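Q: Could you take a close look at one part of this model for me? I'd like to hear about the side of the first chain that meets the second, and how the pieces around it are put together.

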Amino acid sequence: MDEGKAIALCIKHRDPAGFEFLFKMFRKEAYFHALAFLGNHDDAVDACQECFAKAFRTIPKLNDLKVFYPWFYTILRNHCLNILRRRKLESNYFSREAMFTENHSDRSSPGLLMEKNEEQLKSWETMEKLAPEFREILIMKYMEGLSYEKISILLDIPKGTVMSRLYHVRKAFRKEYVKSGGELHE
Amino acid sequence: MNNCEKYHALIVGLLDNELTPEEIHELNMHLNRCESCRNEFDEMKEISGKLSLPSFKEPEDEVLEQLWKSPYSRFTRNAAIVMVLGGYLCLMGYGFYEFMFSNKKAAIPKVALTALVIGFLILLFSVIRERIKTYQKDAYKEVKR
């Protein structure tokens, strides 16, 4: 079976075997993306469970779908952004101080990361202070090493927009890095 | 300056090795005559070294398996639970009926069993009532896990 056949099985025959194939193909990618947004294992697992279940319910209603993951990523992305919005509202509600600081409560545990040196950890901490939309593209490019082409498909934006968004992300990253005491010159 | 915005994006593309030869040529031409963009290039290059982010740890297979439950396995598991529980309750009910209404059994065990069943039902009722009361007062019931 390949991706196209699996999608056809889901859409035309409502066969869960097709979805199972797609799930196995993309589950790790989905988990990493949810982890990048939400910053902790439990929330990432919950988000994936909900989104895969939602995708399974919705996919037979689609008339045409060429590739699975960009479509699924839209579901996952919206779900994660909603969670982050809710978290922010809750933290603002429960802590008045949060309204006056740029405190981000969605910090990842460094335990989720592979071997890292001090400098990488500093970069990671800087990245976590950026807005989720910035973190998303930064991780896609500089952690997963995706090409502009792949990023433009996943985010459904032109390649030129990927480039200009990365320019603004780098600017924001630089500002945050310097602000948190990072040395740019070795 | 507005014209330079296009080149700012191209600078990032150059540093990420994503430009076509034509775009590289165009950018180089611009950099030769625009000092502001040269400064921008230096800034962007400076931060490039700090963008090597560590990867996430590989998740174990059990973690990945949790991410979606196939409806087949869900259906099978639920059907099995219903069958096991249904069979168990039928047997219990039948045993209870036989024991209580059989003339061969002595009265004392029947009374003891009745007391056990009534006690169990009272306990169950009080736990459920307590749970409902707590739930109604729970300030966090709207908070999703």
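What follows is a walk through that contact and then through the two chains behind it.

A: One thing up front: this is a predicted model, so everything here is computed from predicted coordinates. Let's start with the contact itself. It draws 36 residues from chain A and 28 residues from chain B. On the chain A side, the helices that each supply at least two residues are α2 (16-38), α3 (41-58), α5 (118-128), α6 (132-142) and α8 (159-179). The top contributor there is α8(A), with 9 residues. Sorted by class, the side of chain A that touches chain B comes out as 24 nonpolar, 5 polar and 7 charged residues.

Now for the chain that carries this surface. Chain A has 8 helices and 0 strands, so along the sequence you just read α-α-α-α-α-α-α-α. It holds 186 residues, and 33% of them count as buried. If you take the contacts in chain A with a separation of 6 or more, 60% are between residues 24 or more positions apart.

Two of the helices that supply the contact, α2(A) and α3(A), also pack on each other. Their axes come within 9 Å and cross at roughly 140°. That angle falls short of the over-145 range for roughly antiparallel, which is why α2(A) and α3(A) count as oblique to each other. The crossing of α2(A) past α3(A) is right-handed. From α2(A), the residues making this contact are A:F19, A:F23, A:A30, A:Y31, A:A34, A:L35 and A:L38, while α3(A) brings A:D43, A:A44, A:A47, A:C48, A:F52 and A:F56. Split by class, that is 12 nonpolar, no polar and 1 charged. As background, an α-helix has 3.6 residues a turn, so residues three or four places apart point the same way.

Next comes α8(A), which gives the most to the side touching chain B, with 9 residues. Inside chain A, it packs with helix α7 (residues 148-155) at an angle of about 100°, the axes being 9 Å apart. With that angle, α7(A) and α8(A) are therefore roughly perpendicular to each other. Here A:Y148, A:E149, A:I151 and A:S152 of α7(A) meet A:K159, A:V162 and A:M163 of α8(A). The class count for this contact is 4 nonpolar, 1 polar and 2 charged residues.

Over on the partner, chain B has 6 helices and 0 strands, in the order α-α-α-α-α-α. Of its 145 residues, 14% count as buried. Among contacts in chain B with a separation of 6 or more, 40% involve residues 24 or more positions apart.

Helix α6 (residues 107-137) of chain B deserves a glance too. It has 31 residues and reaches 46 Å from its first C-alpha to its last, close to the 45 Å expected at 1.5 Å a residue. That helix is hardly covered: among the 31 residues of α6(B), the count of buried ones is 0.

Last, a single residue in chain B: B:K45, which sits in helix α3 (residues 35-48) of that chain. B:K45 counts as exposed because it has 12 C-beta neighbours inside 10 Å. Its C-alpha is separated by 8.5 Å from that of B:V12, a residue 33 residues away along the chain.

Definitions and conventions: Residues are numbered from 1 along each chain as its sequence is written. Chains are lettered from A and ligands numbered from 1 in the order in which they are written. This is a predicted model: local features need pLDDT of at least 70, side-chain atom pairs count only at pLDDT 80 or more; totals for chains, interfaces and linings use all residues. Two residues are in contact if their C-beta atoms, placed from the backbone, lie within 7 Å. Helices (H or I, at least four residues) and strands (E, at least two) are DSSP runs, numbered from the N terminus. Ala, Val, Leu, Ile, Met, Phe, Trp, Tyr, Cys and Pro count as nonpolar, Asp, Glu, Lys and Arg as charged, and the others, Gly among them, as polar. Axes are lines fitted to C-alpha atoms, for helices over the stretch in contact, and angles run from 0 to 180 degrees between N-to-C directions. Angles under 35 degrees count as roughly parallel, over 145 as roughly antiparallel, 65 to 115 as roughly perpendicular and the rest as oblique. A crossing is left-handed if the near helix is turned anticlockwise from the far one by less than a right angle, and right-handed if clockwise. The expected span of a helix is 1.5 Å times one less than its number of residues. A residue is buried if 20 or more other C-beta atoms lie within 10 Å of its own, exposed if 12 or fewer, and partly exposed in between; C-beta atoms are placed from the backbone.
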